[in-house]
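Subject: Handover of a structure

Dear colleague,

Please find below the structure that I am handing over to you. I should be grateful if you would read the notes that follow it with the structure open.

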Amino acid sequence: MTLPEFKAVACYNAVQTNGCGTIRFGAKLALDLGTSTGWALQTGEDFITSGTVSLKHTRFDGGGMRFLRFRRWLEQLDLDAGPIEVIHFEEVRRHVGTDAAHVYGGLLAMLSAWCEEHLVAYQGVPVGTIKQFIAGKGNADKATVIAAVRARGFTPADDNEADAIAILLWAIETRGGVL
């Protein structure tokens with residue numbers, strides 16, 4: 001099989017300068033992938049915002065619609081708050097149900113493909129690492145994680161948003177696990 005020829009394309013640089021020559025970095029995004037995806041974003045100006053996006057499908061949707069909606073949401077977020085420089089996501093190794101595993105796998109495939117296509121760095125963070133960081137216990141329950149995130153001054157609507165905030169705080173404070 002012969003691969004198609006690629007033409008040279010100019011790519012944006014995540015490290016940009018404004019008119020005064022000040023260096024500003026792209027946005028950091030943290031995700032808790034699932035039917036109700038939690039997200040937390042730190043802009044290049046260090047503003048943090050968070051929420052959840054519902055990727056629940058209706059009975060009239062085809063099997064891939066939730067994944068296309070996720071991709072469109074990422075693209076719009078990149079336009080509105082970006083450029084996105086790096087994405088950290090909760091790396092789940094075990095699921096209770098088959099449907100949850102399928103949804104997670106599909107979203108992870110879309111995320112990694114989108115990141116590769118847009119030259120965005122991405123990193124999975126194990127569940128235990130996140131819980132240990134935010135709650136001091138690698139097997140903390142949802143209520144404990146929510147309480148720990150609230151103690152940091154955030155007001156997550158649910159455990160998905162709390163997990164995303166915890167991932168973002170971990171990424172900021174450990175420089176993505178480098179420290």
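The notes below cover the strands and then the largest pocket.

This is a predicted model, in which local features need pLDDT of at least 70 and side-chain atom pairs count only at pLDDT 80 or more, while totals for chains, interfaces and linings use all residues. Residues are numbered from 1 along each chain as its sequence is written, and side-chain values use heavy atoms, with hydrogens and water left out.

Strands are DSSP runs of E with at least two residues, and helices are runs of H or I with at least four, numbered from the N terminus. Two strands pair if DSSP finds at least two bridges between them.

Strand β3 (residues 27-32) has five of its six residues buried (under 20% relative accessible area with a 1.4 Å probe, protein chains only), so β3 is largely enclosed by the rest of the structure. Five bridges link β3 in parallel to β6 (residues 84-91), where F89 lies opposite L31. Another five bridges link β3 to β4 (residues 36-42), and these two strands run antiparallel; L29 stands opposite L41. Three residues connect β3 to β4 in a hairpin.

β4 is also joined to β5 (residues 48-54) by seven bridges, in antiparallel fashion. Five residues separate β4 and β5 in their hairpin, and D46 in the turn has a positive phi of about 70°.

The lining of the largest pocket comprises 23 residues, with E90, V92, R94, H95 and V127 nearest its centre.

Yours sincerely

Terms used. Buried < 20%, exposed > 50% of the residue type's maximum accessible area, 1.4 Å probe, protein only. 1 Å grid on protein atoms, 1.4 Å probe; cavity = no way out; pocket = protein on both sides within 12 Å on 5 of 7 lines; lining within 4 Å.
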